[in-house]
Amino acid sequence: MFVEKYKGFEIHLEILDEDISPDDLHDWESFEEREEFHSKIESGELLWFTAKVSAYKDDILLDSNYLGGCCYTSADEFLKDEYYSSMRDEVINNAIDKIKKLNEVIA
């Protein structure tokens, strides 16, 4: 798991097992291409996973977002991708909305 502080929130990235087969999401050019891809996943050269990005404030989970069918050489590579930054922004925006709603209810 990766954790960072960002815009006043604690952001968690969890790498979860992916239940969907790459075959369900990809049209292979050839049997050999399919086999090579699966071999790289089995050897650990490629990671096939679901990404879970969550926003916390004071150890309270405020929002989570999931993206399945991720294929990267490492979690670090995913962290540099626009998918991660987009997911991070989305959970922060949702967390802020929830905090605002709670403040309205309390006031």
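**Long-range contacts and aromatic pairs**

In the protein, 58% of the contacts with a separation of 6 or more come from residues 24 or more positions apart. The model behind these values is predicted. Its secondary structure adds up to four helices and four strands, and from the N terminus on the order reads β-β-α-α-β-β-α-α. As for overall dimensions, the C-alpha atoms fit a box of roughly 60 × 20 × 20 Å along the principal axes. The radius of gyration comes out at 17 Å, whereas a compact globule of 107 residues would be near 13 Å. Buried residues account for 30% of the 107.

Now to the largest nonpolar core, which has 17 residues. Those touching the most other members are Phe-9, Ile-11, Leu-13, Ala-51, Val-53, Phe-78 and Tyr-84. At least two core residues each are supplied by β2 (9-17), β3, β4, α3 (75-79) and α4 (82-106). Helix α4 gives the largest share, with five residues. Phe-78 has quite a list of partners even when residues up to four places away in sequence are not counted: Leu-13, Phe-49, Ala-51, Leu-67, Cys-70, Tyr-72, Tyr-83, Tyr-84 and Met-87.

On the aromatic side, a search of the whole structure turns up six pairs. One of them is Phe-37 with Trp-48: the ring centres are 6.2 Å apart and the planes meet at 85°, so this pair is edge-to-face, the cut-off for that label being over 60 degrees. Phe-37 belongs to helix α2 (residues 31-43) and Trp-48 to strand β3 (residues 47-57), so the contact ties together parts that are 11 residues apart in sequence. Both Phe-37 and Trp-48 are buried.

Phe-49 and Tyr-72 make another aromatic pair, this time tilted, with 6.1 Å from centre to centre and 40° between the planes. Here the link is between distant parts of the chain, since Phe-49 sits in strand β3 and Tyr-72 in strand β4 (residues 60-72), 23 residues apart. Phe-49 has a relative accessibility of 1% and therefore counts as buried. Tyr-72, with a relative accessible area of 10%, is buried as well, because the label applies under 20%. The two rings also belong to a wider group: ring pairs join Phe-2, Phe-49, Tyr-72, Phe-78 and Tyr-84 into a cluster.

Charged side chains turn up over rings too. The charged end of Arg-88 sits over the ring of Tyr-6, at 3.7 Å from its centre. Lys-57 lies over the face of Phe-9, 5.1 Å from the ring centre.

Back to helix α2, the home of Phe-37. This helix has 13 residues and spans 18 Å from its first C-alpha to its last, close to the 18 Å expected at 1.5 Å a residue. After α2 comes Gly-44, with a positive phi near 90°. Glu-36 is also placed in α2. With a relative accessible area of 45%, Glu-36 is partly exposed, because that label covers values between 20% and 50%. The C-alpha atom of Glu-36 is 39 Å from that of Leu-61, a residue 25 places away along the chain.

Key
Residues are numbered from 1 along each chain as its sequence is written. This is a predicted model: local features need pLDDT of at least 70, side-chain atom pairs count only at pLDDT 80 or more; totals for chains, interfaces and linings use all residues. Side-chain values use heavy atoms; hydrogens and water are left out. Rings of Phe, Tyr and Trp (its six-membered ring) pair if their centres lie within 6.5 Å; planes under 30 degrees apart count as stacked, over 60 as edge-to-face and the rest as tilted. Buried means under 20% relative accessible area, exposed over 50%, partly exposed in between (1.4 Å probe, protein chains only). A charge sits over a ring if NZ of Lys or CZ of Arg is within 6 Å of the ring centre and within 35 degrees of the ring normal. The expected span of a helix is 1.5 Å times one less than its number of residues. A nonpolar core is a set of buried Ala, Val, Leu, Ile, Met, Phe, Trp, Tyr and Cys residues joined through side-chain atoms within 4.5 Å. Contact means heavy atoms within 4.5 Å. The radius of gyration is taken over C-alpha atoms; the globule rule is 2.2 Å times the number of residues to the power 0.38.
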